[in-house]
Each structure stands twice: as C-alpha cells, then as structure tokens.
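This report walks through a few parts of one structure, beginning with its interior and moving on to single residues and a helix. Please keep the sequence and the 3D view at hand while reading.

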Amino acid sequence: GQIGDPSVVPILLSALAEADPVTAVAILELVGRLGDRAAYEQVACLVERAECPRARGPAPFQVAACFRALLQLSSRLDLPLPPLAPAFVLPNVDVLLTEGDREGVLASIQAYGAMIPPAWAPRILALAEGEEAAELVAFAVELCRRLPAVIVSALERCPAALREGFLDGLIEDPTPQIVEALVAGLSQGQIGEQAELVEALGRIGDPRAIGAMLSLLREGDVWLRARTAEALGRLGASEAVPVLLDLIAEGGEEEI
C-alpha cells in the first residue's frame, strides 16, 4: 500500500475472501485508492451481494469499507454508481458518520443524497471541516429546509467558524417554517448561538421575531443584549423603544 503500485490490487482482491475483518478493511481501503476499472467491477459485485450491515461486531465496518471503496473508485475513475436500496445505503453512511469519514460521507451525499434523512443534518454539520466543509454545510442547509425542526440542534453541532455560513444559507430564501424554528431557537442554546440567530432574524426582517427579541433585551448577557438591540433597530421595531429608553435611564452598559 505504501509503495502505491496498482499491480498489487488483483492480489489483494484475491486475498479478500480469506482475510480477517481488520485486514479486509485495510485491503478495501487500498483497493479504493489504487484500483482500476476491473477492481471497480469486482467491488461493485461485492457490494451488490453484501448483506445489510446491521450485524454485531466488525461486520458493519467491513461492509462500509466495501461501500467506501466503491465510492472512491467511482469518483476517481468517473464511473457510474449502481442503484442501491436505502436499506443498504443508510446503514453504511451511518458507519461513515460514526467513523468521522468526511470524504466517504461527502461521496455518499453526492451519489445517494436523496436518501439521507433530514434528521442527520446535525451529524453532517459536526463533520464539516477542511476541503469538504462548504459542500457538507450546503447539504445540511438543504436537509434543514426539509425539516426545520432540526435547525437548532444543527446549529449547536456546527463548528463555530461555519455557523454564519450555515445561517446565511438558511435565510437566503426563508420559509415561514424556517423563521419559526429560528425564533424558537432564541430561547435555547449558548449565548454565541443566540446572538447569531438574532442577527439572522434581523436580516430576514420578519416581525414575528420581535417578541422573542424583546425578552432577550430585558435579560441576559450584555453582549447578547447589544446584538439584540441592533437587530431590533434593523427591524424598525417601535415596540422596543420603551424598553431601550428604560435601559438608558437605568444608566446601563454603554454598548446597550
């Protein structure tokens, strides 16, 4: 494998049937990296004959390694992937998510994204780093559009540096359900997450956010209250004027 000579692939594949599970996973990883069209065809046959990876022990990881090798070969050789049932694809993607395999998850999304359940958006966002980050965030946004109820948990799992981009994608064309989910999120989460939600809602300009923002303005962290005041100003929320005047009269913090 370290030598990187593709001529070893047929020998590795011939050893696959007798290999223990750990060695089988290593073989499949190398085949995905070094294999040719013939290797792709063999791996595709293995995948089509494989059982759904729900058994205990190393079996799920071995089947997932076979699935991952197929994805790698298809991408590298520009070959079409075979049609596979969701009952086979989803357990394999589940294993790849558990292993933190960004490349494998992204390849799965590109090939079988329509099968991925929206409830997995937080797990996908948690992996969003490196070269794959932008595509993983974009797909998580798509999933959240299909199931806005997961937006808050997705934001919690999203790396801090990518939260703004995630919310930008959501508010690009906000539905009423997305606005409702963002408003509901104001009463949850950490201060940083709430501040980003406040800013996103201020940019959307939906008056349904005003009531929840006024609650944040009356109590909470100084920095969060200041961001909330700015968002209410963007919304032109006249309801905020009495609260803001009270805060000024109390001689509160300069930021507010």
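In this predicted model, the largest nonpolar core has 85 residues, and V43, F67, F166 and M213 are the members that touch the most other members. Helix α4 gives the most to this core, contributing 8 residues. In general, nonpolar side chains of soluble globular proteins tend to be buried together.

One of those well-connected members, F67, is in contact with V47, L84, F88, V89, N92, V93, L96, S108 and Y112, if its neighbours within four places in sequence are left aside.

Helix α4, which spans residues 59-77, also holds S74. S74 counts as buried because its relative accessibility is 8%, which is under the 20% limit used for that term. When residues up to four places away in sequence are not counted, S74 touches Y40, L79, P80 and L81. With L79 there is also a polar approach, since a polar atom of the S74 side chain lies 2.5 Å from the backbone oxygen of L79. The table sets out two distances that involve S74.

| Pair | What is compared | Distance |
|---|---|---|
| S74 and L79 | side-chain polar atom to backbone oxygen | 2.5 Å |
| S74 and D20 | C-alpha to C-alpha | 25 Å |

In sequence, S74 and D20 are 54 residues apart.

Elsewhere, helix α11, covering residues 176-185, has I178, V179, A181, L182, V183 and G185 as buried residues. Which helices are included in what covers the buried residues of α11? Among them are α8 (133-146), α9 (151-157), α10 (163-171), α12 (191-204) and α13 (210-218).

Conventions
Residues are numbered from 1 along each chain as its sequence is written. This is a predicted model: local features need pLDDT of at least 70, side-chain atom pairs count only at pLDDT 80 or more; totals for chains, interfaces and linings use all residues. Side-chain values use heavy atoms; hydrogens and water are left out. Helices (H or I, at least four residues) and strands (E, at least two) are DSSP runs, numbered from the N terminus. Buried means under 20% relative accessible area, exposed over 50%, partly exposed in between (1.4 Å probe, protein chains only). Contact means heavy atoms within 4.5 Å. A polar contact is a pair of N or O atoms within 3.5 Å; within protein, one must be able to donate a hydrogen and the other to accept it, and residues adjacent in sequence count only if both atoms are side-chain atoms. A nonpolar core is a set of buried Ala, Val, Leu, Ile, Met, Phe, Trp, Tyr and Cys residues joined through side-chain atoms within 4.5 Å.
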